[in-house]
Amino acid sequence: MEVWVQNLSGNHERFTWNRCSVTAAQIWEDVSSRFGIPQNELRFTINSKELNEPTRIFTLEDIETLPPIRTSLRLLGGKGGFGALLRGAGAKIGTKKTANFDDCRDLNGRRIRHVKDQKRLEEWQAQEKERALEAEAKKDKKKKKAPIHVFNDSSYTEAVKDIAENTEVAVEEGIKRLIEQSSMPVVEEKPVKRRKKSIFDDYGYDSSEDEQSSPTSSKEEVETSPQPSTEIAESIPISTPVPEKSDPISEAIADAVTEAIASKSEESDVIDLMKFDSAQSLESIGNDRLKEELKQRGLLFGGNLQQKAARLYQTKGLRWDEIPNNLKQKDKR
């Protein structure tokens with residue numbers, strides 16, 4: 001009889017015996033002797049079932065349907081406990097208890113949530129009469145007004161009447177006194193002439209004394225003196241011209257004032273771009289003067305001296321609507 005055995009490398013080997021039957025112990029001995037492995041270190045399985053019975057007998061009929069016997073080495077196991085760990089984890093799964101079964105269905109196939117909603121609706125309908133009675137009771141409470149408090153104090157009412165009569169008498173006496181005072185001669189007060197603001201006020205010089213000493217001469221000087229130009233008047237608030245003084249201090253102050261007026265008038269002048277041939281010629285004006293000119297024209301005034309001169313020269317001969325928006329200030333575009 002023949003028996004097929006699968007070795008450790010996965011190959012099948014044939015074992016033959018000149019008998020009609022063979023025991024499992026004889027198969028173990030022959031396999032261990034051919035493989036050169038002790039019998040106690042080998043493990044024999046048939047269809048994943050371990051062959052542990054040495055007295056088991058295999059006949060010719062059994063061998064015809066017997067699958068190959070598989071051999072493997074026995075390995076030392078661990079300390080164990082992993083199976084218990086798995087069983088504990090399986091027991092913990094689903095331990096979270098829930099009390100919400102609204103999505104479940106009863107024996108009639110209805111969801112429990114719908115059943116509960118129907119019960120709550122029936123209870124609310126049953127309490128409709130009680131709610132109507134409560135609403136009527138609230139309305140009755142609102143209709144009942146608080147008791148009106150009546151103030152009956154004769155002394156208070158008499159005092160109020162006396163005060164009203166006394167006020168009428170006091171008003172009549174006051175009117176009589178006003179009439180008597182109006183019949184008396186009234187002294188007219190002369191209006192005080194206010195001194196006009198002078199240009200010397202901005203430089204700490206008081207011209208009130210000169211006005212008091214020579215009031216007539218100031219009027220003549222105002223009439224004969226030439227008026228300043230419109231550009232200077234717009235830049236500096238001047239109400240009266242500079243009077244002529246014999247005092248050296250006043251002459252020095254007048255000279256300083258005229259110099260300030262001249263400097264401010266020069267600064268207020270608008271640069272005539274038609275007098276310049278290129279942007280480089282505008283650089284001679286100076287950085288500060290170019291910045292002020294760009295501000296007055298509503299143009300961007302940032303950058304260095306060359307950028308400002310080039311930006312200002314680009315507007316030469318152009319009207320405001322012809323100037324590109326990238327040169328204008330944002331609030332003036």
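1. In which helix is K142 found? In this model, which is predicted rather than determined by experiment, K142 lies in helix α5, the stretch that covers residues 128–143. K142 counts as exposed because its relative accessibility is 74%, and exposed is the word used for values over 50%.

2. K142 should also be looked at together with other lysines, since K138, K139, K141, K142, K143 and K144 gather on the surface, where they make up a patch of positive charge.

3. A patch of another kind deserves a separate look: L8, L73 and L75 make a nonpolar patch on the surface, with an area of about 330 Å². Of these residues, L75 is found in the loop that runs between β7 (69–73) and α3 (82–92), and L75 counts as exposed because its relative accessibility is 78%.

4. Turning to the interior, the largest nonpolar core holds 20 residues, and the members that touch the most others are W17, I27, V31, F44, L51, F58 and I69. At least two residues of this core come from each of β1 (2–6), α1 (24–35) and β4 (42–46), and α1 gives the most to the core, with five residues.

5. Finally, Y313 is found in helix α13, which covers residues 305–313. Y313 is described as partly exposed because its relative accessible area is 23%, a value that falls between the limit of 20% for buried and that of 50% for exposed. Y313 and D277 are 36 residues apart in the sequence, while in space the separation between them is 9.0 Å, taken from C-alpha to C-alpha.

How values were computed: Residues are numbered from 1 along each chain as its sequence is written. This is a predicted model: local features need pLDDT of at least 70, side-chain atom pairs count only at pLDDT 80 or more; totals for chains, interfaces and linings use all residues. Side-chain values use heavy atoms; hydrogens and water are left out. Patches are made of residues with over 30% relative accessible area and no salt bridge: like charges are joined within 9 Å, nonpolar side chains (Val, Leu, Ile, Met, Phe, Trp, Tyr) within 5 Å. Accessible areas come from the Shrake-Rupley method with a 1.4 Å probe; for residues, only the protein chains shown count as cover. A salt bridge is a side-chain nitrogen of Lys or Arg within 4 Å of a carboxyl oxygen of Asp or Glu. Lys and Arg count as positive and Asp and Glu as negative; His and the chain ends are not counted. The place of a charge is taken as NZ of Lys, CZ of Arg, CG of Asp or CD of Glu. Helices (H or I, at least four residues) and strands (E, at least two) are DSSP runs, numbered from the N terminus. Buried means under 20% relative accessible area, exposed over 50%, partly exposed in between (1.4 Å probe, protein chains only). A nonpolar core is a set of buried Ala, Val, Leu, Ile, Met, Phe, Trp, Tyr and Cys residues joined through side-chain atoms within 4.5 Å.
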